[in-house]
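I opened this model to go through its sheets, helices and loops one at a time. My notes follow in the order in which I looked things up.

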Amino acid sequence: MQILKGYVFRMYPTEEQEQLINKTIGCARFVYNYFLDDKIKEYKEIGKSKSAYDQAKLIPSLSKEKEWLKEVDSQSLRNSLLDLERAFKNFYNGSGYPKFKAKGVHERYKTNNIKSSYKGNHYNSIKLDLKNKTITLPKLKEVKIRGYRNKEVIPGDIKSAVIKKEAGRYYVSVLIEEPLIRPPFIPRSIIGIDLGIKDLIVTSYNEKIENTIKLNNKRLIGLQRGLARCKGGSKNRYKMKLKIQRMYQKIKNARKHMIHDITNKLIKENDIIVTENLDVKSMQKNHYIAKGLNESPISEIIRVLKYKANWNNKKLIQINRYYPSSQICNICNYQNKEIKDLSIRKWECPVCHTNHDRDFNASVNIMFEGLKKYMKGIEQAI
Ligand SMILES: [Zn+2]
């Protein structure tokens, strides 16, 4: 079995390489917009339009007219057409025409690893050298990179790379197909986790993990006021915009790190992880809960847990979201319907008189419910 993994590196292009990257991003955008216009016209006239494959055949003649298209990585242009085709599929599904790409938004291009062999030697158009900290990309040749300090080599096949410009910095995200060898799954530990707002996670080992990422609103408001004071098109305005972009990026990165730290720990320490199958969208409709959830990384945590469990031969079990995990006493199984009220954080079981912390009790119930589900699965398999 093979799995696809993405690795993101910061890139340090020379001035010349930087110019070429910007040019390629520009050309990819031009091709996207040019053929989008073409597609819309065609669609209005005859009710259908050319496929990306047929459009790609037109690139050589277009390049005769626009010579600068020849200077950039031709894969980037073809991938632009595939992006366009995908966007147009959504249009067929009922949303409006795809939008034209504007400069400064989603500055990126994609290139594929083209393999070839000549006289018994094999060549790749994309090469990653972690020892010398370089990546070789079509037309750009060797670019300096940073990231994954502890790895000397990443085994597997490079499929493609996306070159991105974000807030004046350059990144490359490399997609690698890695072989996956699975030993038999023999679980030795299980954990239930209750996902929430104030405490992001409460586990059935009574660990509480808080959401540590908070937006520095004061600073953001200050920066935005500053931006409003700067004249349009001025250098100061550009600088101020960059500052705001960097601030958002910093929060985004901190969030990513937090999610990876939490999920890595859970995956490393447990063989089976049980969560509720939460419907985050409908939770957002519930006002009391919605307050903290806009910024909540819950659905991202579940998404990451899913793929990390898969990679590491662990199991993520999701139980029915309507299972009343908060209401059931995990000692005597009595169901206390009064606990529906979300403001009750602590309660005493009227039957066995155990004092409960709402979320800890819920996480223990979630763990047992997951264990039941797992055992059922095994019985059915036997
Ligand atoms: Zn009880």
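Before the hairpin, a term: two strands pair if DSSP finds at least two bridges between them. I keep in mind that this is a predicted model.

**Entry 1: the S8–S9 hairpin**

I began with S8 and S9. They pair in the antiparallel sense, over nine bridges. I looked up one bridge: Asp157 has Glu177 in S9 as its partner. Two residues lie between the strands of this hairpin, and Ala167 takes a positive phi there, near 50°.

**Entry 2: the sheet around it**

Which order do the strands of the antiparallel sheet take? I read S2-S8-S9-S1-S7-S6-S5, an open sheet of seven strands. Its edge strands are S2 (107-112) and S5 (127-129), each pairing on one side only. From one strand to the next I get an average twist of 30°.

Next I checked single pairs. Strand S1 (residues 2-12) runs antiparallel to S9, with ten bridges. Within that region I noted Met11 opposite Tyr170 in S9. At the other end of the order, S5 and S6 (residues 134-137) are antiparallel over three bridges. Lys127 stands opposite Thr136 in S6.

I then asked which helix packs on this sheet. Helix H1 (residues 15-46) does, and I find it touching S2, S7 (141-146), S8 (157-166) and S9 (169-179). The direction of H1 makes about 90° with that of S2.

**Entry 3: H1 against H4**

I stayed with H1 and turned to its crossing with helix H4 (residues 74-92). The two axes come within 9 Å and cross at roughly 40°. That angle makes H1 oblique to H4. I logged the crossing as right-handed. On the H1 side the contact includes Thr24, Cys27, Ala28, Val31, Tyr32 and Phe35. On the H4 side, Ser76, Leu77, Ser80, Leu81 and Phe88 are among the residues involved.

**Entry 4: loops with lysines**

I went through three lysines in loops of this sheet.

- Lys133 sits in the loop between S5 and S6. Its phi is near 55°, a positive value in a residue other than glycine. I count 17 C-beta neighbours inside 10 Å, so Lys133 is partly exposed.
- Lys139 is in the loop between S6 and S7. Its phi is also positive, about 70°, although Lys139 is not a glycine. With 17 C-beta neighbours inside 10 Å, Lys139 counts as partly exposed.
- Lys151 belongs to the loop between S7 and S8.

Is Lys151 buried or exposed? A residue with 12 or fewer other C-beta atoms within 10 Å is exposed. Lys151 has 11, so it is exposed. I also looked up its spacing to Lys131, 20 residues away along the chain: the C-alpha atoms are separated by 8.5 Å.

**Entry 5: the mixed sheet**

I moved on to the other sheet. Five strands form it, in the order S12-S11-S10-S13-S14. This sheet is open and its pairing is mixed. Why does one side of S12 and of S14 lack a neighbour in the sheet? S12 (208-210) and S14 (315-319) stand at the edges with a single partner strand each, so one side of each is left free of a neighbour. Neighbouring strands here are turned by 25° against each other on average, direction ignored.

I picked out one parallel pair: S13 (residues 272-276) and S14, over five bridges. The bridge partner of Glu276 in S14 is Ile319.

A helix lies across this sheet too. I traced H10 (residues 358-381) over S10 (190-195), S11 (199-203), S13 and S14. H10 runs at about 130° to S10.

**Entry 6: the whole chain**

Last, I stepped back. I count ten helices and 16 strands in the protein. The domain assignment gives domain 1 (2-179) and domain 2 (190-213 + 248-381). Their centres, taken over C-alpha atoms, are separated by 39 Å. Along its principal axes the C-alpha trace spans about 85 × 60 × 50 Å.

How many of the 382 residues count as buried? I get 24%. For contacts with a separation of 6 or more, I find that 64% join residues 24 or more positions apart.

Conventions. Residues numbered from 1 in each chain as written. Predicted model: local features only at pLDDT ≥ 70, side-chain atom pairs only at ≥ 80, totals over all residues. Helix = DSSP H or I, 4+ residues; strand = E, 2+ residues; numbered from the N terminus. Axes fitted to C-alpha atoms, helices over the stretch in contact; angles between N-to-C directions. Contact = placed C-beta atoms within 7 Å. Domains from an automatic or database assignment. Buried ≥ 20, exposed ≤ 12 C-beta atoms within 10 Å, placed from the backbone. Parallel < 35°, antiparallel > 145°, perpendicular 65-115°, else oblique. Left-handed = near helix turned anticlockwise from the far one by under 90°.
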